[in-house]
Amino acid sequence: MTRTKYRWFIVFLLFAITGVNYIDRAAISYAIPAIQRDLGLSPADTGTILGAFGLGYALTTLFGGFAVDRYGARIVLTIAAILWSLSIGATALASGFAVLYAARVLLGVSEGPNFPALTGAVSHWLSPHERATALANTLFAVPLALAIGGPIVTQLLGWFDWRLTFAALFILSAAWVPLWYFLFRDDPAESHFVNASELAHIRTSDPSVTAAPHAALKSWPESGVLRTLLTNKTLLANYWAFFVFGYFLFFFMTWLPSYLERKYGLDLQTVGLFTVLPWLSAAMLLWLFGRWSDYLLKTTGRLRIARSWLIAGSQLVAALAVIPVALTDNLTVAIAGITVAVAASMGANAAYYAVNVDIVPHRAATALGIMDFAFAVAGFLAPAITGWVLNLRGSFVDSFLLMTALALSSVLVVILFHHPDRDRERLAPKA
């Protein structure tokens, strides 16, 4: 029997909604100068609004992981996508700081479950040696959306005003919902598009899910499991490194257009073009590193090499790349440093996700929810701290140097405490 490949269509659906997700959340960074002028916002107000997404995101990404392990990715992501479509529509109607802030919080609240749902779906639909590749293929949408989102959003802003731009994004988000609801099932065995050969391929590579692939959906995490997720050194190191990655991502996602406009006097259309290179480079590196991570695991059998060293190495490069950006007044040097920093910080993204699936496969969504909570905190802090510093000093230098310090701290933490091979053997059977 020829094996079907429907699992890769599921990966495509996750790729598509992740791309829409990031275009939606990043669009405001291009629209904010016009919004700031129309609504009379100060730099501190702007930083608060840009950070509001992270505040809302933190509220639900943690509980979203619990919900995915309890109810499944299908219903959780359906409800989430409906709500974030509505929040984008509400942004188009904002008349002042309070309404805009509330819309951004709602966007964060509704997008919070996206990555736990993604991880939960991958943990049940892909075999262990395909997971990092599948995650990389899905997460490839993040930098790709940010690369093409700049030109798309700036073009829409050139054609329309910011309100009509967000109305168009509302339509784009809502269109995905019926595809997911009708074509995805939490258990691949329940899908009419998966034949016995593909199901055997998914299951036989991971005996722990053969008997009861969705037993985890029957209960909330036991206290012992939850304690493990909150105290295990490898997972804690993973959470911290992911927080640092989130700080980098949210800084560049929310403030990069304003930085290029303020520091180098670029107009909106030029800013959109200049943001393509960093995010496109990140997309390619993320995709390559995801495949490389699975290759290293297959050839060495060691998660420490395939996951830990990839994370530490990429963050070290990101830390060093930011330094010349902080110190230069040359646009070419700044773009080169930003490109390397963005690409390196995002390169190991699939490895962060895979560690949760490697160590606690039956609670991967919950573990991802905790990890994504740290990411959400970064999503609140990075824009807010940057806005506060700009209000005080009028310069991005301190913000770049803080990013360097954070990245170096994560390198040290991963080297010392990130040991997924040891913890997979010790924890996976208990989870």
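Here are some informal notes on this structure, which is a predicted model.

1. **The nonpolar core.** A good place to start is the inside. The largest nonpolar core has 137 residues, and Ile35, Phe166, Phe252, Tyr259 and Phe400 are the ones that touch the most other members. Helix H11, running over residues 233–264, gives this core its largest share, with 19 residues. As background, nonpolar side chains in soluble globular proteins tend to be buried together.

2. **Phe400 up close.** Which residues does Phe400 contact, once its neighbours within four places in sequence are left aside? The list is Phe251, Phe252, Tyr259, Val322, Val325 and Ala326. Two of these names, Phe252 and Tyr259, may look familiar: they also belong to the group of core residues that touch the most other members.

3. **Thr119, tucked away.** Thr119 sits in helix H5, which covers residues 114–125. Its relative accessibility is 0%, so Thr119 counts as buried. Setting aside residues up to four places away in sequence, Thr119 touches Tyr353, Val357, Ala364 and Leu368.

4. **Salt bridges, and one between H1 and H6.** How many salt bridges turn up across the whole structure? The search finds 6. One of them joins Glu130 to Arg7, with the closest N and O atoms 3.2 Å apart. The partners come from distant parts of the chain: Glu130 is in helix H6 (residues 128–139) and Arg7 in helix H1 (residues 6–39), with their positions 123 residues apart. Are these two charged residues buried or exposed? Glu130 counts as buried because its relative accessibility is 14%, under the 20% limit. Arg7 counts as buried too, at 4%. The story has a third player, since Arg7, Glu130 and Glu198 are linked in a network of salt bridges.

5. **Another bridge, from H13 to H14.** Asp294 pairs with Arg307 in a salt bridge whose closest N and O atoms are 3.7 Å apart. Here Asp294 belongs to helix H13 (residues 276–300) and Arg307 to helix H14 (residues 303–327), 13 residues apart. Both Asp294 and Arg307 are buried.

6. **A bridge with unlike partners.** Arg422 and Asp423 also meet through their side chains in a salt bridge, at 3.5 Å from N to O. Their surroundings are worth a look. Arg422 has 45% relative accessibility and so counts as partly exposed. Asp423, at 0%, counts as buried. In general, side chains of opposite charge can pair when their charged atoms come close.

7. **His129, beside Asp294.** His129 lies in helix H6. With 48% relative accessibility, His129 counts as partly exposed. Apart from residues up to four places away in sequence, His129 touches Asp294 and Leu297, so it is worth finding again when you look at the bridge in point 5, where Asp294 is paired with Arg307. For a sense of scale, His129 and Gly158 are 29 residues apart in sequence, and their C-alpha atoms are 45 Å apart in space.

8. **A nonpolar patch on the outside.** Now to the surface. Tyr71, Ile75, Ile79, Ile82, Leu83, Leu86, Phe170, Ile171, Tyr181 and Phe182 make up a nonpolar patch, with about 940 Å² of accessible area together. Which helices each supply at least two of its residues? They are helix H3 (73–92) and helix H8 (162–183). H3 provides the largest share, 5 residues. Ile79 is a handy example: this patch member lies in helix H3 and counts as partly exposed because its relative accessibility is 47%.

9. **Aromatic rings.** The structure holds 34 aromatic pairs. In one of them, the rings of Phe245 and Phe375 have centres 5.9 Å apart and planes at 25°, so this pair is stacked. The pair links distant parts of the chain, with Phe245 in helix H11 and Phe375 in helix H17 (residues 364–393), 130 residues apart. Phe245 is buried at a relative accessible area of 2%, and Phe375 is buried at 1%. There is an aromatic cluster to find as well: Tyr6, Phe9, Phe12, Phe15, Trp125, Phe140, Trp176, Trp180, Phe184 and Phe193 form one.

Terms used:
Residues numbered from 1 in each chain as written. Predicted model: local features only at pLDDT ≥ 70, side-chain atom pairs only at ≥ 80, totals over all residues. Heavy atoms only, no water. Helix = DSSP H or I, 4+ residues; strand = E, 2+ residues; numbered from the N terminus. Buried < 20%, exposed > 50% of the residue type's maximum accessible area, 1.4 Å probe, protein only. Contact = heavy atoms within 4.5 Å. Core = buried A, V, L, I, M, F, W, Y, C linked by side-chain atoms within 4.5 Å. Salt bridge = Lys/Arg side-chain N within 4 Å of Asp/Glu carboxyl O. Patch = residues over 30% accessible without salt bridge, like charges linked within 9 Å, V, L, I, M, F, W, Y side chains within 5 Å. Areas by Shrake-Rupley, 256 points an atom, 1.4 Å probe, with all protein chains shown as cover. Phe/Tyr/Trp six-rings, centres within 6.5 Å; stacked < 30°, edge-to-face > 60°.
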